[in-house]
Amino acid sequence: MGLSPAQVTKYCRFGFVVLENFAEASACDRLRERAEEMVSAFDPAVVSVFSTQEQSHLRDDYFLGSGDKIRFFFEEDAFLPDGKLKQTKERSINKIGHALHELDPVFSEFSKTPALRQLVADLGIEDPLLVQSMYIFKQPKIGGEVTCHQDSAFLYTDPIDIAGLWFALEDATTENGCLWAIPGGQKEGLKSRWRRVSGGGMAFEVFDPTPFPEERLIPLEVSQGTLIVLHGLLPHKSLANRSPKSRHAYTLHAVGGNSRYPEDNWLQRPAEMPFRGFD
Ligand code: FE2
């Protein structure tokens, strides 16, 4: 259980560590089944076109209000010009977020395990709080690109004290849109922060306008059950999926409970539903 000293060293050096066979195939399949049930019960009339590339969600209350809910976000290419879905809703969903781990028993059981608690402790994150969970579909043919970013830009803490846990629920390859990351890129500082601005909406505060050195990206091709642990400052991305295979993943973000979590981060919780840890 937990991380070996060599794995912690790798994480500190490269900004990520790949843990093969972390989750049982049956546990991955259970999450996939549960996500399928949720989508099937969801009424797509309540939709929001979500596109990371165009940041079209910037002023989207549906997105900004999803920190304490389970909400459904669609692929940008999922819609016809008249607003109707091109394919079934099951093949049109981009992701579900952002409090699956709190509100759904199946996701909660997967997320709040002694193994993950130990792993996060081994990263040096004290009194962790699980702030965000997402089920990402990366649909066949229409799964959109997620451009190069740092998770700390969206879930900022002072000091930077966050890890992303990315679970491959299916094999992820360069064909179906696996993660790409810049090894060691976490040492080069935070480039920007996405903040709530007074009067509503969001804006990027830019600290370093130079582009990410994307020529240094390497693909992280992994099989089902692999957990990739990502430092909050690690630049990473995933390409569009034009293949006939989906690439389902589940992600969870843990922040240190003693670090400041600003009120102008996009993801907020109401007073009656504060962030919780692995309890
Ligand atoms: Fe990310």
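Select Q132 to begin: this residue lies in strand 4, where strands (E, at least two residues) and helices (H or I, at least four) are DSSP runs numbered from the N terminus. The model is predicted, so local features need pLDDT of at least 70 and side-chain atom pairs count only at pLDDT 80 or more, while totals for chains, interfaces and linings use all residues. Residues are numbered from 1 along each chain as its sequence is written, and side-chain values use heavy atoms, with hydrogens and water left out.

**Around Q132**

Q132 counts as buried at 5% relative accessibility. Buried means under 20% relative accessible area, exposed means over 50%, and partly exposed is in between, for a 1.4 Å probe and protein chains only. Now show the contacts of Q132, a contact being heavy atoms within 4.5 Å. Leaving out residues up to four places away in sequence, Q132 touches H98, H101, L155, T251, L252, H253, W266 and L267. One of these, H253 in strand 13, stands opposite Q132.

**Strand 13**

Select residues 249–256 next. Strand 13 has 8 of its 8 residues buried, so it is largely enclosed by the rest of the structure. In a regular strand the side chains alternate between the two faces of the sheet. Here A249, T251, H253 and V255 are buried on one side, and Y250, L252, A254 and G256 are buried on the other.

Which strands are joined to strand 13 by bridges? Strand 4 (residues 128–136) runs antiparallel to strand 13 and is joined to it by 8 bridges. Strand 6 is also antiparallel to strand 13, with 7 bridges; there G164 stands opposite H253. Two strands pair if DSSP finds at least two bridges between them.

**The sheet of 7 strands**

Widen the selection to the open sheet of 7 strands, whose order is 1-11-6-13-4-3-2 with antiparallel pairing. Strand 1 (16–19) and strand 2 (70–74) are the edge strands, each pairing on one side only. From one strand to the next, the twist averages 20 degrees.

At the strand 2 edge, select strand 3 (residues 93–98), which pairs with strand 2 in the antiparallel sense over 5 bridges. F73 stands opposite K95 in strand 3. The charged end of K95 sits over the ring of F73, 5.7 Å from its centre. The criterion is NZ of Lys or CZ of Arg within 6 Å of the ring centre and within 35 degrees of the ring normal. For another such case, select K191, which lies over the face of F212 at 5.5 Å from the ring centre.

Two helices are worth displaying with this sheet. Helix 1 (residues 5–14) lies across strand 1, strand 6 and strand 11 (227–231), running at about 140 degrees to strand 1. Helix 6 (residues 114–122) lies across strand 1, strand 4, strand 6, strand 11 and strand 13, and runs at about 140 degrees to strand 6. Axes are lines fitted to C-alpha atoms, for helices over the stretch in contact, and angles run from 0 to 180 degrees between N-to-C directions.

**The iron ion**

Which residues are the protein donors of the iron ion? They are H149 (NE2), D151 (OD) and H236 (NE2), lying 2.2 Å from the ion. Donors are N, O and S atoms within 2.8 Å of the metal (3.2 Å for Na, K and Ca); water is not among the atoms, so sites may look incomplete. The donor spacing in sequence is H-x1-D-x84-H. D151 lies in the loop between strand 5 (146–149) and strand 6 (162–168), and H236 lies in strand 12 (residues 236–238), so this pair ties together parts 85 residues apart in sequence. D151 counts as buried at 9% relative accessibility, and H236 counts as buried at 5%.

**The sheet of 4 strands**

Select the open sheet of 4 strands, ordered 5-12-7-10 with antiparallel pairing. Strand 5 and strand 10 (218–220) are at the edges with a single partner strand each, so one side of each has no neighbour in the sheet. The twist averages 25 degrees from one strand to the next. Strand 7 (residues 179–181) runs antiparallel to strand 10, and 3 bridges join them; I218 in strand 10 is the bridge partner of A181.

**Aromatic rings**

Finally, display the aromatic side chains: the structure holds 17 aromatic pairs. Rings of Phe, Tyr and Trp (its six-membered ring) pair if their centres lie within 6.5 Å; planes under 30 degrees apart count as stacked, over 60 as edge-to-face and the rest as tilted. F154 and F204 have ring centres 6.0 Å apart and planes at 85 degrees, so the pair is edge-to-face. F154 is in the loop between strand 5 and strand 6, and F204 is in strand 9 (residues 202–206), 50 residues apart. F154 counts as buried at 19% relative accessibility, whereas F204 is partly exposed at 35%. End with the cluster that ring pairs form from F22, F107, F110, Y135, F137, F167 and Y250.
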